[in-house]
Amino acid sequence: MRFSTAAIHVGQEPDTATGATIVPIYQTSTFTQSMPGEHLGYEYSRSGNPTRTALEKVLAALEGGEHGLAFASGLAAETAVLSLLRPGDHIVAAEDLYGGTIRLLRRILEPLGISSTFVDAGSLDAVEAAISPSTRMLWVETPSNPLLNITDIRGAATLAHQTDALLVVDNTFATPYLQRPLEFGADIVVHSTTKYAGGHSDVVGGAIVTSDETLAERIAFYQNAAGAVPGPFDSWLVLRGLKTLALRMRMHSSNAAAIAERLSGDPAVDSVYYPGLTTHPAH
């Protein structure tokens, strides 16, 4: 199934109750049970909701993963991934991560005993030099926000796995339309679905995709226990946005290339940071 078809159909079969073509917004907190513990797959919308399930299925399919998990924000998704760590663990992180991610690592995790070393993730030598015996996670964002720096995902995965660390890739800017990090060895992909996945600046959300069942189970436990889940309407808005993701990413890329080429030829412009240009060091 091609990308655009998957975005429209995976996890989004016609509603069995009414035949509705578009996934309904199941705006309910609880689900009726025939008796305690006996239900139709849903009991409480923090634990699971049909609209959210549809979103999680299509996100996993688009990323080429087995398990998708949706969250109330990109940072909520990141916090869920970081819940895998314990005091004394170490993270090697790209130095140009989204500012909210750096704040989370420095201001929230470091006081809890989880340290981070920030490096130029465009240099695998720098990444390797920062890895220590306590490193449990390598965290990169490629292209980065906002400088569009590039990390070699396959090379980073090799370094991470040599020390039994996990490679986490923030794929928000590229989206699965332009790259699928799991295919290059990443263990976990995270997204702020607020950005291109939602696409209309009318929803805040986050997502995690992995093909590792054990990791998925641990993160799903945290998702339910900590509760930072998206509501049904937010899930529906991201579902709607994904239907046009391929069209929008093609146009975004085309427009960005035209602007970058125009600016790169302007004598008033010193530098243009766009990896599509042949002058970009990571082109």
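Of the contacts in the chain with a separation of 6 or more, 67% are between residues 24 or more positions apart; contact means heavy atoms within 4.5 Å. The model is predicted, so local features need pLDDT of at least 70 and side-chain atom pairs count only at pLDDT 80 or more, while totals for chains, interfaces and linings use all residues. Residues are numbered from 1 along each chain as its sequence is written, and side-chain values use heavy atoms, with hydrogens and water left out.

**The chain as a whole**

The chain has 10 helices and seven strands. Helices (H or I, at least four residues) and strands (E, at least two) are DSSP runs, numbered from the N terminus. The radius of gyration is 20 Å, close to the 19 Å that the globule rule gives for 283 residues, so the chain is as compact as a globular protein of that length. This radius is taken over C-alpha atoms, and the globule rule is 2.2 Å times the number of residues to the power 0.38. The C-alpha trace spans about 65 × 45 × 30 Å along its principal axes.

Of the 283 residues, 46% count as buried. Buried means under 20% relative accessible area, exposed over 50%, and partly exposed in between (1.4 Å probe, protein chains only).

**Two helices and their packing**

Helix H6 covers residues 153-162, and its buried residues are Ile153, Gly155, Ala156, Ala157, Leu159 and Ala160. These buried residues pack against helix H5 (124-130), strand S4 (135-141) and strand S5 (166-170). At the start of H6, a side-chain oxygen of aspartate 152 comes to within 3.2 Å of the backbone nitrogen of arginine 154. After H6 comes aspartate 164, with a positive phi near 60°.

Helix H4 (residues 99-109) has the buried residues Gly100, Thr101, Ile102, Leu104, Leu105 and Leu109. They pack against helix H3 (74-82), strand S2 (90-94), strand S3 (115-119) and S4. Strand S4 is thus a partner of the buried residues of H6 and of those of H4.

**Single residues**

The table lists some residues with their places and relative accessible areas.

| Residue | Place | Relative accessible area |
|---|---|---|
| Glutamate 56 | helix H2 (residues 50-63) | 12%, buried |
| Leucine 215 | helix H8 (residues 213-226) | 7%, buried |
| Threonine 175 | helix H7 (residues 175-178) | 2%, buried |
| Serine 201 | loop between strand S6 (188-192) and strand S7 (206-210) | 76%, exposed |
| Proline 281 | segment after helix H10 (245-264) | 83%, exposed |

Leaving aside neighbours within four places in sequence, glutamate 56 is in contact with Gly68, Leu69, Ala70 and Gln223. With the neighbours within four places again left out, leucine 215 touches Leu84, Leu166, Asp187, Ile188 and Thr210. The C-alpha atoms of leucine 215 and serine 115 are separated by 21 Å, and these residues are 100 residues apart along the chain. For proline 281 and arginine 250, which are 31 residues apart along the chain, the C-alpha separation is 23 Å.

**Backbone details**

Threonine 175 is not a glycine, and its phi is positive, near 65°. Serine 201, also not a glycine, has a positive phi of about 55°.

The peptide bond from threonine 142 to proline 143 is cis, with omega near -5°. Proline 143 sits in the loop between S4 and H6. Proline 146 lies in the loop between S4 and H6 too, and a cis peptide bond with omega of about 10° joins asparagine 145 to proline 146.

Technical notes
A polar contact is a pair of N or O atoms within 3.5 Å; within protein, one must be able to donate a hydrogen and the other to accept it, and residues adjacent in sequence count only if both atoms are side-chain atoms.
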